[in-house]
Amino acid sequence: MQSRRITMLGTGLIADFYTMTLHGQRNRDFVSVVYSRSQERGDAFAKRWNIANVTTSLEAAINHPDTDVVIVALPNHMHEEAITMAAKAGKAILCTKPLARNAEEAKRILDTVEKAGVFAGYLEDLCYTPKTLKAVKSVESGAVGDVLWVRSRETHPGPHSAWFWDDKQAGGGCIIDLGCHCIEIIRNFVGKGNRPVEVLCWKDTLVHPINAEDNAIALIKFESGAIGQFEVSWTFRGGMDLRDEVAGTHGTIWLNHFLRTGFEMFTAAEGNSYVAEKSESSTGWLFPVGDEVAELGYVDMFTDMFNAMETNTKPMESFYDGYVVNAIMDACFKSVEKHGWAPVELDWRGGTTPRISNTPTMFEGLVVIKQETLPDGRVKMILKDPKTNEFSDRVVAVVNS
């Protein structure tokens, strides 16, 4: 297996998480070069992670001869410039979420890497959480039947860096920051080939004195008839809430990734220790996370990316996926403007998905709507006459006395 030498562009929280993952457990893949807009932050990051080369030159970092992979962990408004330079250098590119500030920018990025013929992976970590990977496999195996509805929620007290709060640099507020996670989680459950058709969205700025939204809810209608629902907020108090729900014709899945981890601890000791990402307190009842980089999907994400590089295959999350996410977020903003459903406009490559259909069960020439067991053990059916459309109840099994 080939080891990778990596240029890390950025020294913020996400770059820390990425490097923690890459350098963890005696990993063979290593960050050799780090770029920061601040020499002081760059030096501190390099010391923290034992990185040999530090530079404030984006060009020098990308073109460094000792690296073959560039990770873009920069503010959103810098993605296109960095990716264009990395594609020109012929290096593999991994980019943090969201891919861009809008679909037009994302499409230019996608065209750039495809024209250059370089590997390009979309670092959407929450699609790689162990629970999500297992749940998606269950859905793909038919465990829940046809997926009807997927709900994804990400809320916390707000991002760590100043640029996130500037809608010009970020492209928006909590929809851009958190909605991108939720949308791609939803797409993994309904199927990547299931075209997003239109969006209905509400957003508002309720708490923070900013131009961008700090709360939003949206519905995404897919070609199959399935509905995706996301809820995002920068005003949720009490840490980071990551939850997903999947409802199908034959089953249901509930996932809680962060606030209820099975690890609960109470402390009255004074201090300011780190508990978990976005945790607001280090005293009282706490909900630590045993291994954050694993639970948040970073380990499986980088494994997928580097395996795909070695086998010359497409990773689970590609730049095209990032582009689709941006197109859906664009539709969210358009929906808010028009106060109604807005179409998702994009270059669709996923083919077609048939509408959800179900062959009904029949009983004595009647359609079975529902069957249930009553408290006394009797079995009752709710039936519909296909000729008259009349509904009726019938007990079809009686408990022997």
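**Exercise 1.** In this predicted model, determine which residue of β6 stands opposite C95, and describe how the chain passes from β5 to β6.

*Solution.*
1. The residue of β6 opposite C95 is Y122.
2. Strand β6 spans residues 120–123, and 4 bridges join β5 to β6 in a parallel arrangement.
3. Between β5 and β6 the chain passes through helix α5, residues 103–116, in a right-handed β-α-β crossover.

**Exercise 2.** Establish what joins β5 to β4, and which residue of β5 I71 faces.

*Solution.*
1. Strand β4, residues 69–72, runs parallel to β5, and the two are joined by 4 bridges.
2. Opposite I71 stands L94 of β5.
3. The path from β4 to β5 leads through helix α4 (residues 79–88), and this β-α-β crossover is right-handed.

**Exercise 3.** Decide whether the faces of β5 are covered or uncovered.

*Solution.*
1. Take as buried a residue with under 20% relative accessible area.
2. For β5, residues 92–96, 5 of its 5 residues are buried.
3. Sorting by side places A92, L94 and T96 on one face, and I93 and C95 on the other.
4. All of these residues are buried, therefore both faces are covered.

**Exercise 4.** State the strand order of the open sheet that contains β17 and β18, and identify the bridge partner of V367 in β18.

*Solution.*
1. The sheet has 4 strands, ordered β16-β17-β18-β19, with antiparallel pairing.
2. Its edges are β16 (362–363) and β19 (391–397), each of which pairs on one side only.
3. Strands β17 (residues 366–373) and β18 (residues 379–384) run antiparallel and are joined by 6 bridges.
4. V367 has K384 as its bridge partner in β18.

Notes. Residues numbered from 1 in each chain as written. Predicted model: local features only at pLDDT ≥ 70, side-chain atom pairs only at ≥ 80, totals over all residues. Heavy atoms only, no water. Buried < 20%, exposed > 50% of the residue type's maximum accessible area, 1.4 Å probe, protein only. Pairing = 2+ DSSP bridges. Right-handed = clockwise from strand over helix to strand, strands pointing away.
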